[in-house]
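Subject: Structure for your review

Dear colleague,

Please find below the structure that I am handing over to you. My notes on what was found in it follow directly after.

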Amino acid sequence: MSDYYNAFEMSPVPAPGPDAVPPEPFRGIYGMPAFVTIPTTDLAASVDFWTRGLGFFELFGIPGRLVHLRRWAFQDVLLVPAESVPERAPAVSFSFACVLGQVDSIVEACRALRPDSVDGPRDTPWNTRDVTVITPENARIVLTAAKPFDPASQEARNLEAVGITFPGAGGDDNGEHA
């Protein structure tokens, strides 16, 4: 028996491609393996930005105490009231997967709500298209979409240079990276 398994079997992220379709919103309850808690001075305004701009939905709320937001399974955010928030966004960011077909609409929606909130989109050396959004709470959120893999691309060479090879490239099928 192998020590590794295909983690993509449990991930809601679809295979990259121009026609990739995002999964349906997941409304079930589960033990959250990771989540982010974001303090806000205006819970209603924050919920509005996160839902209309970033595409989250309100899973549930405890009036005046907490709003639990979600996009896909395992993309959970807890908004909590605070007396103040940082004046500037911190260097740390929190990233959420999306699909290429969502990038432009996220950019448009966020810019419509807060014109100076968006940086990007920009393509990365690791084969994603990323958009950085500064939310009303000054949280730095990155929406990242995998691009279709081109084995002849610079991105493929970048990945191969760090030992990540694609099927058929003569590599060891990434066993050490599983």
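The axes of helix α1 (residues 43–52) and helix α2 come within 9 Å and cross at roughly 155 degrees. Angles over 145 degrees count as roughly antiparallel, and α1 and α2 are therefore roughly antiparallel to each other. Where they meet, Asp48, Phe49 and Arg52 of α1 are in contact with Ala109, Cys110 and Leu113 of α2. By class, the residues of this contact divide into four nonpolar and two charged, with no polar residue. Please bear in mind throughout that this is a predicted model.

Each of the two helices also packs on a sheet, and I take the sheets in turn.

**The sheet beside α1**

Four strands, in the order β1-β4-β3-β2, form an open sheet with mixed pairing. Its edges are β1 and β2, each of which pairs on one side only. On average, neighbouring strands of this sheet are turned by 25 degrees against each other, with direction ignored. Helix α1 packs on the sheet and touches β1, β2, β3 and β4 (76–81). The direction of α1 makes about 160 degrees with that of β4.

Within this sheet, strand β2 (residues 57–62) and strand β3 (residues 66–70) pair in the antiparallel sense over five bridges. Two positions illustrate the register: Phe60 stands opposite His68 in β3, and Gly61 has Val67 in β3 as its bridge partner. The two strands form a hairpin with three residues between them. In the turn, Gly64 has a positive phi of about 75 degrees.

**The sheet beside α2**

A further open sheet consists of four strands in the order β5-β8-β7-β6, and its pairing is mixed. Strands β5 (94–98) and β6 (118–123) are the edge strands, each pairing on one side only. Neighbouring strands are turned here by 20 degrees against each other on average, direction ignored. Helix α2 (residues 100–113) packs on this sheet, where it touches β5, β6, β7 (128–134) and β8. The direction of α2 makes about 160 degrees with that of β6.

In general, strands of a sheet pair through backbone hydrogen bonds, either parallel or antiparallel. In this sheet, β5 and strand β8 (residues 140–146) pair in the parallel sense over five bridges. Along that pairing, Cys98 stands opposite Ala145 in β8.

**The second largest pocket**

As pockets may be of interest for your work, which residues lie nearest the centre of the second largest pocket? They are Ile38, Pro90, Val92, Ala139 and Arg140, out of 14 lining residues. The volume of this pocket is about 190 Å³. Strands β1 (36–40) and β8 each supply at least two residues of the lining, and β1 gives the most, with four residues. The lining is made up of nine nonpolar, three polar and two charged residues.

To draw the two sheets together, β1 is an edge strand of the sheet on which α1 packs, whereas β8 belongs to the sheet touched by α2. Both strands contribute to the lining of the second largest pocket.

With kind regards

Note on methods:
Residues numbered from 1 in each chain as written. Predicted model: local features only at pLDDT ≥ 70, side-chain atom pairs only at ≥ 80, totals over all residues. Heavy atoms only, no water. Pairing = 2+ DSSP bridges. Axes fitted to C-alpha atoms, helices over the stretch in contact; angles between N-to-C directions. Contact = heavy atoms within 4.5 Å. 1 Å grid on protein atoms, 1.4 Å probe; cavity = no way out; pocket = protein on both sides within 12 Å on 5 of 7 lines; lining within 4 Å. Points joined across faces, edges and corners; volume = space filled by probe spheres on them. Nonpolar A, V, L, I, M, F, W, Y, C, P; charged D, E, K, R; others polar. Parallel < 35°, antiparallel > 145°, perpendicular 65-115°, else oblique.
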